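Trainee: I have the model open and want to check my reading of the packing. Can we go through it in questions and answers?

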Amino acid sequence: MGAGGEACAALLKEEGIGEVYAFHNMPGYPLHTVALRRGTMNCASKGVTYRFEGVPAHASTPELGRNPAQAVARMVSALPGLTRREDHRGLVMATVVQMDVGEPAFGISAYRGALLLTLRAQYQEELDALSRQVTEIARRAAAEDGLTLTIEEQDVFPETANHHAGVERVERAARALDLPVVEMAEPMRASEDFGWYLRQAEGALFLLGDGEDHPPLHSSDFDFPDALLEKACALFQKLI
């Protein structure tokens, strides 16, 4: 959810910790391969719930109520125009995860609605800008249709931005241990709460390959390759 990393990051400042490193295992890379990236390693993201409330009415007289369906529809229709790749420095996404308008009662015109989005961006400033744009569209839609709007944020993750010096230290440590090193062309779209730590201290998050044919993460047949642990410990020792 991102909340744990935000809370624990305070420990780094309290204890005067100046560097912090972590690895994440990753199928698709050869076993023991170290995958590195300077700058954004994991995208920033957050979940946002936009709730609209209008006025109920009989389905035969919808003009007597206030229905949020059109407000939700206008928001969804606007999203592609806000996330065009050519308009941004990096990846920007707005994913609809749920739309919920009205209830299964054919005699009632809907008066409650919710739109749940996951907003995601390679760079923190572009996520913040996207969030402001979507919120402005929601407020305008609510005002035009006479609806009450409430907004909630969940699962907030900052950009996991690797420090160049930290990446260079990991690369030197990996090469000293004769581990293969690859440079990642693109950041991970998924977010990591390690990004909270890298706001407090210099360092880097890197990947260790599980094997090219290893089952994907979070699948029912995934099994962590225990052989990675010895290499990971050796890397951390070399960094120290």
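Trainee: Which residues does Tyr-50 touch, not counting those up to four places away in sequence?
Mentor: This is a predicted model, where local features need pLDDT of at least 70, side-chain atom pairs count only at pLDDT 80 or more, and totals for chains, interfaces and linings use all residues. Residues are numbered from 1 along each chain as its sequence is written, and side-chain values use heavy atoms, with hydrogens and water left out. Contact means heavy atoms within 4.5 Å. On that basis, leaving out residues up to four places away in sequence, Tyr-50 touches Met-75, Gly-113, Ala-114, Leu-115, Leu-117, Ser-131, Val-134, Thr-135, Ala-138, Leu-149, Thr-150 and Ile-151.

Trainee: Which residues have the most contacts inside the largest nonpolar core?
Mentor: In soluble globular proteins, nonpolar side chains tend to be buried together. A nonpolar core is a set of buried Ala, Val, Leu, Ile, Met, Phe, Trp, Tyr and Cys residues joined through side-chain atoms within 4.5 Å. Buried means under 20% relative accessible area, exposed over 50%, partly exposed in between (1.4 Å probe, protein chains only). The largest core here has 22 residues, and those with the most contacts inside it are Tyr-50, Phe-52, Met-75, Leu-117, Leu-119, Leu-130 and Val-134.

Trainee: Which element supplies the largest share of this core?
Mentor: Helices (H or I, at least four residues) and strands (E, at least two) are DSSP runs, numbered from the N terminus. At least two core residues come from each of β4, α3, β8 and α4. The largest share is 7 residues, and its source is α4.

Trainee: What is the average turn between neighbouring strands of the open sheet with antiparallel pairing?
Mentor: Two strands pair if DSSP finds at least two bridges between them. This open sheet has 4 strands in the order β6-β8-β4-β9, paired antiparallel. Its edge strands, β6 (92-101) and β9 (148-157), each pair on one side only. With direction ignored, its neighbouring strands are turned against each other on average by 15°.

Trainee: Which residue in β8 stands opposite Gly-47?
Mentor: Strand β4 covers residues 44-53 and strand β8 covers residues 112-121. They run antiparallel and are joined by 10 bridges. Opposite Gly-47 in β8 stands Thr-118.

Trainee: What angle does α4 make with β4?
Mentor: Axes are lines fitted to C-alpha atoms, for helices over the stretch in contact, and angles run from 0 to 180 degrees between N-to-C directions. Helix α4 (residues 124-145) packs on the sheet and touches β4, β6, β8 and β9. Its direction makes an angle with that of β4 of about 5°.

Trainee: How do α3 and α4 run against each other, and which hand is their crossing?
Mentor: Their axes come within 10 Å and cross at roughly 150°. That makes α3 roughly antiparallel to α4, because angles under 35 degrees count as roughly parallel, over 145 as roughly antiparallel, 65 to 115 as roughly perpendicular and the rest as oblique. A crossing is left-handed if the near helix is turned anticlockwise from the far one by less than a right angle, and right-handed if clockwise. The crossing of α3 and α4 is right-handed.

Trainee: How does α5 lie relative to α7?
Mentor: Residues 164-176 form α5, and residues 227-239 form α7. The two pack with axes 9 Å apart, at about 120°. That makes the relation of α5 to α7 oblique.

Trainee: Which α7 residues meet α5?
Mentor: The α5 side offers Arg-169, Val-170, Ala-173, Ala-174 and Ala-176. From α7 they meet Leu-235, Lys-238 and Leu-239.

Trainee: Which residue is the bridge partner of Ala-35 in β11?
Mentor: The open sheet with mixed pairing has 4 strands in the order β1-β12-β2-β11. Strand β2 (residues 34-36) and β11 run parallel, joined by 3 bridges. The β11 partner of Ala-35 is Val-182.

Trainee: Is Asp-178 buried or exposed?
Mentor: Asp-178 sits in the loop between α5 and β11. Its phi is positive, about 60°, although it is not a glycine. With a relative accessible area of 69%, Asp-178 is exposed.

Trainee: What is the relative accessibility of His-218?
Mentor: His-218 is in the loop between β12 and α7. Its phi is near 65°, a positive value in a residue other than glycine. His-218 counts as exposed, at 81%.
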